[in-house]
Amino acid sequence: MVSSIQFVARQVSLIVDGSCVANPGPASYGGLLWDFDGNWIQGFIGDVGVADILKSKLVVIHEGLKLARKMNLEDILFISDSFHTATLIKNGVQGCHRYVTLIRNIIDFAKEDWGPRRVRGQKKL
């Protein structure tokens with residue numbers, strides 16, 4: 001399936017992906033930040049330890065948002081290949097979900113006052 005994303009001026013895209021060897025298994029993540037003109041800003045990678053794929057995909061979004069904020073970047077659009085992850089962040093979760101703290105941290109972090117900046121999520125299928 002193909003989806004289109006409409007970019008806006010001064011927008012920064014945060015493209016993320018997480019992976020694991022088995023589910024659960026050794027897990028890692030990576031992402032990149034690039035601007036509206038297609039210029040690479042920053043790349044990042046990390047190790048999650050032994051985890052499942054969902055945790056890896058949530059950790060990369062959290063780490064990417066932290067990096068974007070640290071760099072004072074504006075208007076963040078995160079792009080993930082995980083419909084499930086984007087839905088969890090968009091809709092929130094109940095207290096019994098195994099990653100409730102991480103998901104709520106992402107939601108709260110995205111809602112914080114970044115000055116004129118905002119964070120939007122996009123599901124890429």
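This passage describes the fold of a predicted model and then turns to its helices, their contacts and two loop residues.

The protein contains three helices and five strands. Read from the N terminus, these elements follow the order β-β-β-α-β-α-α-β. Of its 125 residues, 42% count as buried. Sequence-distant contacts are well represented: taking contacts between residues at least 6 apart in sequence, 65% join residues at least 24 apart.

Helix H1 is a good place to begin a tour of the model. H1 covers residues 53–70, and its 18 residues should span 26 Å at 1.5 Å a residue; the C-alpha atoms at its ends are indeed 26 Å apart, so expectation and model agree. Its buried residues are Leu54, Ser56, Lys57, Leu58, Val59, Val60, Ile61, His62, Gly64, Leu65, Leu67 and Ala68. The list thus includes Lys57 and His62 alongside residues such as Leu58 and Val59.

Helix H3 (residues 100–111) is one partner of H1, and the two axes come within 10 Å of each other, crossing at roughly 25 degrees. An angle under 35 degrees counts as roughly parallel, and H1 and H3 are therefore described in that way. Their crossing is left-handed. On the H1 side, the contact involves Lys55, Leu58, Val59, Ile61, His62, Leu65, Lys66 and Arg69, which meet Leu102, Ile103, Asn105, Ile106 and Phe109 of H3. Sorted by character, the residues of this contact comprise eight nonpolar, two polar and three charged.

Histidine 62 deserves a closer look within this contact. This residue lies in helix H1 and has a relative accessible area of 15%, under the 20% cut-off, so it is buried. Leaving aside residues up to four places away in sequence, histidine 62 touches Leu102, Asn105 and Ile106.

H3 itself has twelve residues and reaches 16 Å from its first C-alpha to its last, close to the 16 Å expected at 1.5 Å a residue. Val100, Leu102, Ile103, Ile106, Ile107 and Phe109 are buried in H3. The buried residues of this helix pack against both H1 and helix H2 (83–91).

H2 also meets H1. The axes of H1 and H2 come within 10 Å and cross at roughly 60 degrees, which makes H1 oblique to H2. The crossing here is right-handed, whereas that of H1 and H3 is left-handed. Leu54, Lys57, Leu58 and Ile61 of H1 make the contact with His84, Thr85, Leu88 and Ile89 of H2. These residues divide into five nonpolar, two polar and one charged. Leu58 and Ile61 of H1 take part in this contact, and both also meet H3.

Two loop residues complete the picture. Asparagine 72 follows H1 and lies in the loop between H1 and strand S4 (76–80). Although asparagine 72 is not a glycine, it has a positive phi of about 55 degrees. Its relative accessibility is 52%, so asparagine 72 counts as exposed. Elsewhere, the peptide bond from asparagine 23 to proline 24 is cis, with omega near 10 degrees. Proline 24 sits in the loop between strand S1 (12–20) and strand S2 (25–35).

Conventions:
Residues are numbered from 1 along each chain as its sequence is written. This is a predicted model: local features need pLDDT of at least 70, side-chain atom pairs count only at pLDDT 80 or more; totals for chains, interfaces and linings use all residues. Side-chain values use heavy atoms; hydrogens and water are left out. Helices (H or I, at least four residues) and strands (E, at least two) are DSSP runs, numbered from the N terminus. The expected span of a helix is 1.5 Å times one less than its number of residues. Buried means under 20% relative accessible area, exposed over 50%, partly exposed in between (1.4 Å probe, protein chains only). Axes are lines fitted to C-alpha atoms, for helices over the stretch in contact, and angles run from 0 to 180 degrees between N-to-C directions. Angles under 35 degrees count as roughly parallel, over 145 as roughly antiparallel, 65 to 115 as roughly perpendicular and the rest as oblique. A crossing is left-handed if the near helix is turned anticlockwise from the far one by less than a right angle, and right-handed if clockwise. Contact means heavy atoms within 4.5 Å. Ala, Val, Leu, Ile, Met, Phe, Trp, Tyr, Cys and Pro count as nonpolar, Asp, Glu, Lys and Arg as charged, and the others, Gly among them, as polar.
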